[in-house]
Amino acid sequence: MKGMFPRKISVLVFLLAGLAISGCRQSMDQSKTMSPGITVSEFGVLPDGRIASLFTVQSASGMEMRVTNYGGIIVSLTAPNRDGKQEDVVLGFDSLDQYVDGSPYFGAIIGRYGNRIGKAQFSIDGESYSLAANNGENHLHGGIAGFDKVLWDATSFSEGTGHGIVFTYVSPDGEEGYPGTLSVNVTYLLTADNRVVFSYEATTDKATPVNLTQHSYFNLAGPSSDSILSQELTIPAGHFTPIDVGFIPTGKIESVEGTPFDFRTPTSIGARIDQDNEQLLNGLGYDHNFVLNDGSANLKLAARVYDPESGRIMEVTTNEPGIQFYAGNFLDGTLTGKGGHIYPYRSGFCLETQHFPDSPNKPSFPSTILMPGKLYATQTIYTFSTDAE
Ligand code: BGC
């Protein structure tokens, strides 16, 4: 896995490998400082006895990110409002048990394939593969036990002004139906200039689809807010991929011009979400992939969200060709989140950078097949600022 890091990363401390790998039950009640800016404590015990850790990463500017190696889940992430007040801007749970019992992918690493694969099957070079149909007849977010349910090995590191965690996992050949042994590194880096940098790397020994992403649900108005609908979204995409009633892309790439999918100028999420539009009806609101591909593999702005109430701004840059904007349409008030806060309908949004859904079955979409000897490497950055800057 060493060669998978082209960037210079100084790994300061090797954390918890013994605990995570052996799964032995040891007490980690005390929070320990692992390296500057990072402490670790026990988050909880999985049903099989393995211990999940909770890493608290502090930035010099005052942001704090708490992450567990169960699913690589971002449990909390603070960002300053226009008065400098740090508040948690992601949805999640207080306990590991709640994540294990049933989470709509709150804050997790998604793999091997973020988003859906139609009819839970695909073929490569004439060989067909069947995956778990965990979303109607389709496959969603890597299957029944996707990367969101993996206990990742975790290592802390510092780079430049930031501190972060490297998550590693080797997904065995055949896991969830996918071919090839897939070695994966995902890093989260919190910087002093209020950025969270996600870097994804993978290698395989057989051709296999890979589409890794991060599934944090945001509400920039803070933890007591019940709605995202007044938050203003910009997506500089002229096209999106329309879907059928099973949320599978039709294969067309359509212009956003004159549709409720035109976010090229800042528009509140709620302004058009309930319009009588076939695509909004199919998606039960916004749950669509926007086409960012400008023909380059450079980092580019993929989305910007502004909360007029708090003044918070979040920008998403990525070198991925797509971004899924999901408006929390399946949140229905049945989940009790952090601090006892109940998450109502559309109280969090996701902006999942990705290749397009169902690409393994859509030859016209950019390929998601990773070949042996090739390095999968993508990057996405969330940058936080305010309207006071
Ligand atoms: C998908 C939604 C899905 C949600 C699950 C999103 O990435 O686009 O359709 O319901 O994940 O929480």
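Student: How many helices and strands are in the protein?
Tutor: Helices (H or I, at least four residues) and strands (E, at least two) are DSSP runs, numbered from the N terminus. The protein has three helices and 29 strands. This is a predicted model: local features need pLDDT of at least 70, side-chain atom pairs count only at pLDDT 80 or more, and totals for chains, interfaces and linings use all residues. Residues are numbered from 1 along each chain as its sequence is written, and side-chain values use heavy atoms, without hydrogens and water. The count asked for: three helices and 29 strands.

Student: In what order do the six strands of the open sheet stand?
Tutor: Two strands pair if DSSP finds at least two bridges between them. Pairing in this open sheet is antiparallel. The order is S2-S3-S4-S5-S6-S7.

Student: Why is one side of S2 and of S7 left without a neighbour in the sheet?
Tutor: Strand S2 (32-35) and strand S7 (86-88) stand at the edges. One side of each is free of a sheet neighbour because each has a single partner strand.

Student: Which residue in S6 is the bridge partner of Met65?
Tutor: S5 (residues 64-68) and S6 (residues 74-80) run antiparallel, joined by three bridges. In S6, Met65 is partnered by Leu77.

Student: What radius of gyration does the protein have?
Tutor: The radius is taken over C-alpha atoms, and the globule rule is 2.2 Å times the number of residues to the power 0.38. For 389 residues, a compact globule would come near 21 Å. The protein agrees with that, at 20 Å.
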